[in-house]
Structure formats: C-alpha cells, structure tokens
Amino acid sequence: MSDSSFEDGKLMAVIGDEDTCVGFLLGGIGEIDDERQPNFMVVEKDTSAAAIDECFKRFVAREDIAIIMINQIYADMIRATIDKHLQPVPTVLEIPSKQQAYDVNKDSILKRARGILQPVKRRR
C-alpha cells in the first residue's frame, strides 16, 4: 500500500473460483502484501482441501484483512476450520458460486445468528 491514506485500511480477501475472483479483482480488491502474498486464492478443480484450509488460516492470521469471502462450495470443504473461527474480525462471508447454489442452512454466520436469536425456553 503505497498511498499513506490507505495505510490503516483493512482489506477484503477472496477464496473462490476464477469467475468470482476475477469479478472482485475487477472491482478493485486485489492487493499484494509486503511478503508478496495476495489477498485472493483462485480455486481450481485440482486444488486440495488442505490448500484451501492453509490459505484460509493465512488470511485469518493477517491483521490487514477484515473480511474473507469464500464460495460456499469451498467453505464446505473446510467446514471444520470455518466453524472453529469465532472471532468477529475477519468476518467470514459465504457466497454462492456457479457450481453450487447457496444453501442458507450451511452458512456459518447464519447458524450462529440463529443460536443467538432463538428464544430461551423458560422452565415452569
């Protein structure tokens, strides 16, 4: 980040298929940090769940990332890791892809919200 006005800004990161990443990159979210690490990962058909998991953990560890967007199809591949991430920042947003329709019942944030918003049953 060469412009000093952006030094304190936070980034979005993307883990997704080529179309998803290209769309967000065209929207201007692309960034390379000081260690030459990008804030996006293009997942291809031969990308392993371990590689996605490692990238997700790397994004979570970066202090300059506030939001991680991930295609739900790839979030399903690392569901245990995503469910263990309970910190509010970076926020993890599961987004649809061309390969799979978005399933609201799988979304980790909505699962937590349902748990918080469930009315407490009172004992009599």
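This is a short tour of a predicted model, going from the whole chain to one residue and then to the N terminus.

Begin with the whole protein in cartoon view, where the secondary structure amounts to 5 helices and 4 strands, arranged along the sequence in the pattern β-α-β-α-β-α-α-β-α. If you then display contacts between residues at least 6 apart in sequence, 62% of them join residues at least 24 apart. Switching to a surface view, you have about 8,300 Å² of accessible surface, 55% of which belongs to carbon and sulfur atoms, while 34% of the 124 residues count as buried.

Next, select Ser 97, which you will find in the loop that runs between strand E4 (91-95) and helix H5 (108-117). Ser 97 has a relative accessible area of 14%, and because this is under 20% the residue counts as buried. Show side chains here, and a polar contact appears between the side chain of Ser 97 and the side chain of Gln 99, at 3.1 Å. Now extend the selection to what surrounds Ser 97 beyond its neighbours within four places in sequence: Asp 17, Asn 71 and Ile 73 are in contact with it.

Finally, colour the model by pLDDT, which averages 85 over the protein, with 81% of the residues scoring at least 70. Select residues 1-6, where pLDDT stays under 50 and where the model has 5 contacts beyond four places in sequence. Where pLDDT is low, the predicted coordinates should not be read in detail.

How values were computed
Residues are numbered from 1 along each chain as its sequence is written. This is a predicted model: local features need pLDDT of at least 70, side-chain atom pairs count only at pLDDT 80 or more; totals for chains, interfaces and linings use all residues. Side-chain values use heavy atoms; hydrogens and water are left out. Helices (H or I, at least four residues) and strands (E, at least two) are DSSP runs, numbered from the N terminus. Buried means under 20% relative accessible area, exposed over 50%, partly exposed in between (1.4 Å probe, protein chains only). A polar contact is a pair of N or O atoms within 3.5 Å; within protein, one must be able to donate a hydrogen and the other to accept it, and residues adjacent in sequence count only if both atoms are side-chain atoms. Contact means heavy atoms within 4.5 Å. Accessible areas come from the Shrake-Rupley method with a 1.4 Å probe; for residues, only the protein chains shown count as cover. pLDDT is the predictor's confidence in each residue, from 0 to 100.
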